[in-house]
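Work through two exercises on helix packing. Each has a task and a stepwise solution.

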Amino acid sequence: MSHDAENPHLDFAGTTPYEDYVQADVLTHLQHPLSDDPGEMVFLVTTQVMELWFTVIVHEWETASRALASDDIPTAVAALKRSVRELDALNASWRPLAQLTPAQFNSYRSALGEGSGFQSAMYRRMEFLLAEKSASMLVPHRGAPRVHAELEKALHEPSLYDEALRLLARRGYAIPESVTGRDVSQRYEPSPEVEAVWAEIYSGDESAEPARLGEALTDVGELVWRWRNDHLVATRRAMGSKTGTGGSAGVAWLEKRAAKNVFPELWTARSHV
């Protein structure tokens with residue numbers, strides 16, 4: 001989409017086709033800082049950019065989940081690989097915030113009031129797709145019927161990992177029924193049988209579809225772990241161990257999250273290959 005062609009068409013009736021498609025005028029007028037501190041604009045725009053990346057990553061993971069449910073590993077792996085590049089961009093969003101001093105953050109922190117990233121519905125959908133399920137996470141969204149309905153639907157749908165394990169079961173791997181038939185509205189718990197299946201896959205043909213799927217999921221898991229750690233470091237730098245915005249536990253909660261891996265058996269199985 002060139003902006004410097006030799007003879008561009010410049011005269012349009014109404015808005016430009018670019019504006020009609022991208023809605024740039026809407027996007028660039030969604031910023032309403034609540035303080036006079038110039039740093040708040042950086043915080044606000046960066047947070048909005050994160051929400052956009054959450055949205056596209058959810059789209060990729062839902063695409064991958066549907067493909068896995070249809071036994072289409074190549075389409076799933078392609079979506080997961082795209083999401084890895086998008087996770088890289090998402091994680092880079094911490095850079096504008098990573099150098100905040102406590103004084104800089106405190107200069108507009110009060111403007112956030114009860115607001116907290118903990119309340120992001122799209123991030124919650126990401127977590128649900130990673131099998132980090134919790135019905136209590138719907139509570140903050142009771143006042144927004146559409147958002148609440150979308151989250152409730154996601155809560156009761158199989159996660160990305162559930163669909164991967166169900167596919168492996170259909171292909172003859174020894175995934176127990178207690179895993180394939182589990183209550184998917186609950187947080188996924190590691191299984192020694194699933195660990196053994198991944199160890200079997202990784203001990204075989206690394207070019208086979210199940211192994212390529214495992215590596216694509218591992219790439220995603222690694223970048224989710226990096227996201228959580230970058231969030232932890234940025235928060236620790238900006239506010240130390242104080243209670244987080246919106247009454248969250250702040251650094252203590254982030255430390256607990258950063259210590260956990262998603263798709264756990266993909267990591268532990270490597271010790272047995």
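**Exercise 1.** In this predicted model, what is the handedness of the crossing where α3 passes α7? Then describe the geometry and the contact of the pair α3 and α7.

*Solution.*

Step 1. Handedness: α3 passes α7 in a left-handed crossing.

Step 2. Geometry: α3 spans residues 39–69 and α7 spans residues 121–129. The two helices pack at about 30 degrees, and their axes lie 9 Å apart.

Step 3. Orientation: angles under 35 degrees count as roughly parallel. Therefore α3 and α7 are roughly parallel to each other.

Step 4. Contact: α3 contributes E51, F54, T55, I57, V58, W61, E62 and S65. From α7 come M122, Y123, R125, M126 and L129.

Step 5. Classes: the contact of α3 with α7 has eight nonpolar, two polar and three charged residues.

**Exercise 2.** At what angle do helix α9 and helix α12 pack, and how far apart are their axes? Then sort the residues of their contact by class.

*Solution.*

Step 1. Geometry: α9 covers residues 160–170, and α12 covers residues 209–239. Their packing angle is about 165 degrees, with the axes 12 Å apart.

Step 2. Orientation: angles over 145 degrees count as roughly antiparallel. So α9 is roughly antiparallel to α12.

Step 3. Handedness: the crossing of α9 past α12 is left-handed.

Step 4. Contact: on α9, the residues are L160, Y161, A164 and L168. On α12, they are P210, L213 and L217.

Step 5. Classes: the contact of α9 with α12 has seven nonpolar residues, no polar and no charged.

Technical notes:
Residues numbered from 1 in each chain as written. Predicted model: local features only at pLDDT ≥ 70, side-chain atom pairs only at ≥ 80, totals over all residues. Heavy atoms only, no water. Axes fitted to C-alpha atoms, helices over the stretch in contact; angles between N-to-C directions. Helix = DSSP H or I, 4+ residues; strand = E, 2+ residues; numbered from the N terminus. Parallel < 35°, antiparallel > 145°, perpendicular 65-115°, else oblique. Left-handed = near helix turned anticlockwise from the far one by under 90°. Contact = heavy atoms within 4.5 Å. Nonpolar A, V, L, I, M, F, W, Y, C, P; charged D, E, K, R; others polar.
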